[in-house]
Amino acid sequence: MNNKEYIVVPAYNEYFRLSLKYPRWRRIGGKYRIILVSDGSTDGTEKIAREFCYEVIRLEKNCGKGHAVWTGIR
C-alpha cells in the first residue's frame, strides 16, 4: 500500500521553470507522489516532468488552473 501523500501541480508551458526548480522538487519527491497536470502545454512540459519521474496527466487544450487541479485530484 502506498502511504505517500500527493502533490498536484497544474502547469501550462512550464518547461523552463520546471528545469530550474527540479532540485528543490526532487528533495520532496521521496515523501510525496507528484502529479503534474499539463494544461494544454506545447513547450515540452510533459517530457521534462516524465524525466523527473513525475506522474503526468495531459489535457489536450488549456482549460484553466482550477480545472487542472480538479483533474489531478480526481
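Me: Let's start with Tyr54: is this residue buried or exposed?
Reply: This is a predicted model, so what follows describes a prediction. Buried means under 20% relative accessible area. Tyr54 has 9% relative accessibility, so this residue counts as buried.

Me: And Phe52, is that residue buried or exposed?
Reply: The same cut-off of under 20% applies here. Phe52 has a relative accessibility of 14%, so this residue also falls on the side called buried.

Me: How many aromatic pairs does a search of the whole structure find, and what is the geometry of the rings of Phe52 and Tyr54?
Reply: The search covers the whole structure and finds one aromatic pair. The ring centres of Phe52 and Tyr54 lie 5.9 Å apart. Planes over 60 degrees apart count as edge-to-face. The two planes here stand at 70 degrees, so the pair is edge-to-face.

Me: Stepping back, what pattern does the protein chain follow along the sequence?
Reply: The protein chain has three helices and three strands. Reading along the sequence gives their order, which is β-α-β-α-β-α.

Me: In what order do the strands of the open sheet lie?
Reply: The sheet is open, has three strands and uses parallel pairing. Its edge strands are β1 (5-11) and β3, since each of them pairs on one side only. Neighbouring strands are turned against each other by 20 degrees on average, with direction ignored. From edge to edge, the order is β1-β2-β3.

Me: How many bridges join β1 to β2?
Reply: These two strands run parallel. Along them, Glu5 has Tyr32 in β2 as its bridge partner, while Val9 stands opposite Leu36 in β2. The number of bridges joining β1 to β2 is seven.

Me: How many bridges join β2 to β3?
Reply: Here too the strands run parallel. One of the contacts brings Asp39 together with its bridge partner Leu59 in β3. The count of bridges between β2 and β3 is five.

Me: How many of the eight residues of β2 are buried?
Reply: Across the protein chain of 74 residues, 32% count as buried. Strand β2 is largely enclosed by the rest of the structure, because the number of its eight residues that are buried is six.

Me: Now for charged side chains: how many salt bridges does the structure hold?
Reply: One of them is between the side chains of Glu14 and Arg17, at 3.3 Å from N to O. Glu14 is partly exposed, with a relative accessible area of 22%. In the whole structure, the number of salt bridges is four.

Me: How many residues apart are Glu55 and Arg33, which link distant parts of the chain?
Reply: The side chains of Glu55 and Arg33 meet in a salt bridge of 2.6 Å, N to O. Glu55 belongs to strand β3 (residues 55-59) and Arg33 to strand β2 (residues 32-39). Glu55 is partly exposed at 33% relative accessibility, and Arg33 is partly exposed with a relative accessible area of 23%. Along the chain, the two are separated by 22 residues.

Me: Which residues are joined into one network by salt bridges that share partners?
Reply: Glu46 and Arg58 meet through their side chains in a salt bridge of 2.9 Å, N to O. This pair links helix α2 (residues 45-51), where Glu46 lies, to Arg58 in strand β3, 12 residues apart. Glu46 is buried with a relative accessible area of 10%, whereas Arg58 is partly exposed at 36%. Through shared partners, the residues joined into one network are Glu46, Arg58 and Glu60.

Me: Finally, what area does the nonpolar surface patch made by Tyr15, Phe16 and Leu20 have?
Reply: Tyr15 is placed in helix α1 (residues 15-29). Patches are made of residues with over 30% relative accessible area. Tyr15 is partly exposed, with a relative accessible area of 38%. Together, Tyr15, Phe16 and Leu20 make a nonpolar surface patch of about 350 Å².

Note on methods:
Residues numbered from 1 in each chain as written. Predicted model: local features only at pLDDT ≥ 70, side-chain atom pairs only at ≥ 80, totals over all residues. Heavy atoms only, no water. Patch = residues over 30% accessible without salt bridge, like charges linked within 9 Å, V, L, I, M, F, W, Y side chains within 5 Å. Areas by Shrake-Rupley, 256 points an atom, 1.4 Å probe, with all protein chains shown as cover. Helix = DSSP H or I, 4+ residues; strand = E, 2+ residues; numbered from the N terminus. Buried < 20%, exposed > 50% of the residue type's maximum accessible area, 1.4 Å probe, protein only. Phe/Tyr/Trp six-rings, centres within 6.5 Å; stacked < 30°, edge-to-face > 60°. Pairing = 2+ DSSP bridges. Axes fitted to C-alpha atoms, helices over the stretch in contact; angles between N-to-C directions.
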